[in-house]
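I opened my notebook to look through this one chain at leisure. Here is what I looked up, entry by entry.

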Amino acid sequence: MEEITCNIHMHTTYSDGFGTYSTIIDAAAQAGLDVVIITDHNVWVNGLEGYYSRGKKRVLVLTGEEVHNQDRFPQKNHMLVLGAESEVAIYASVPQELIDTIHQKGGLSFLAHPDEVALELVHEDDISWVDWETAGYTGFELWNNFSELKTVSHTPFQLLLNVLDPSRIATSPSKATLERWDSLLTQGRHLSVIGGADAHALRFKIGPITKTIFPYQYHFSAINNHLLLPEPLSGNLQQDKKMIYNSLAKGSSFIGYDLPASTRGFTFSISNEEYIANPGDTITLFRGATIQVKLPAPAEINLIKDGVLLYSSRRLDHLAYPITEPGAYRVECKTEFMGKLRGWIYSNPIYVVKEN
Ligand SMILES: [Zn+2]
Ligand SMILES: [Zn+2]
């Protein structure tokens, strides 16, 4: 299996971001990312996808879209659309129709920042998903870096500190979204999650000074998706795009908060006598199976089955755990950073089923 890093959810001057595709490619190459997926608001930008080189580093740029109903007030229901390969913003007023259309076009639909809080200090509403009767979406954006600013800024002073130093922000995905995900997994649903930057590279001008806050460089070293591909990227756009979107759809990936320490090399598998399953896979329980977890550095490891904490360790870099029950198993790891225990790794689930 080939592990690649992929940052998802960013805005450019095609919508309300302040950087261009070129700024993003520079920052991605500098951060050592393999893939970026740009998702401007309500516009699918065609013709810019491809491989770009900066020095010795090659970055694959893919273009999706973040769609919402622009006639709805307050604003709700943001949807990250990947791989639909055409404009779908015209369907945004009926969320179910939007989801169905995306899937008819072979695309993926991730509910963006599904459980946000408002940031009263600057009169920013929460832009949560509210049409929960909808079905058939691919999954959730479990952890949105920019959206978490709203959760962790309770006073004007905190807000100022967080804006000046974004590395203070990321603590954990939304607890409400984690619970929602676990509840759906417990009902037997297969639901993949991604981490999103929601990068805008906002630019402020105060007198002669222009300052970029939340620059792309920051986001690209923070919340990334580590995709586990069946083979290395070939350099062929269509072939690689298909492999990347298949991996995101299935959940062959984990979310890594790479700022405290790189999460590259994390593995989570479940093996029976015949087969080794990785995130996103389904495996049959014969008499039993064994979970194996390996971390690139010691951290708190939490093993969760159908929303229930099975096991928690402090500061281990490996774990082997025998299981005898079917269910959706996933791993959360936490590590200390800037004086706080923070979420570090969130794996997609491995689905364990009974023998027929
Ligand atoms: Zn959004
Ligand atoms: Zn966004």
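I count two residues as in contact when their C-beta atoms, placed from the backbone, lie within 7 Å. My helices (H or I, at least four residues) and strands (E, at least two) are DSSP runs, numbered from the N terminus.

**Ground rules.** I am working with a predicted model, where local features need pLDDT of at least 70, side-chain atom pairs count only at pLDDT 80 or more, and totals for chains, interfaces and linings use all residues. Residues are numbered from 1 along each chain as its sequence is written, while chains are lettered from A and ligands numbered from 1 in the order in which they are written.

**Helix α2.** I looked up what packs over α2 and found that the cover of its buried residues includes β4 (57-67), β5 (79-82) and β6 (108-111). I call a residue buried if 20 or more other C-beta atoms lie within 10 Å of its own, exposed if 12 or fewer, and partly exposed in between, with C-beta atoms placed from the backbone. In α2 (residues 95-104), Pro95, Leu98, Ile99 and Ile102 are the buried ones. They span an arc of only 95° around the axis, so they sit on the same side of α2; the arc is that of the directions from the helix axis to the C-beta atoms. A reminder to myself: an α-helix has 3.6 residues a turn, so residues three or four places apart point the same way. Just after α2, I noted Gly106 with a positive phi of about 80°.

**Backbone oddities.** Most residues other than glycine have a negative phi, and most peptide bonds are trans. I therefore listed the Phe73 to Pro74 bond, which is cis with omega near -5°. Pro74 belongs to the loop between β4 and β5. Asn42 has a positive phi, near 55°, and is in the loop between β2 (35-41) and β3 (50-54). With 17 other C-beta atoms within 10 Å, Asn42 is partly exposed. Arg315 also caught my eye: its phi is near 50°, it lies in strand β17 (residues 308-323), and it is exposed, with 12 other C-beta atoms within 10 Å.

**Domains.** The domain assignment (bounds from an automatic or database source) gives domain 1 (2-257) and domain 2 (267-354). Their contact takes 24 residues from domain 1 and 17 residues from domain 2. On the domain 1 side, β12 gives the largest share, five residues.

**Whole chain.** I found seven helices and 20 strands, and 45% of the 356 residues count as buried.
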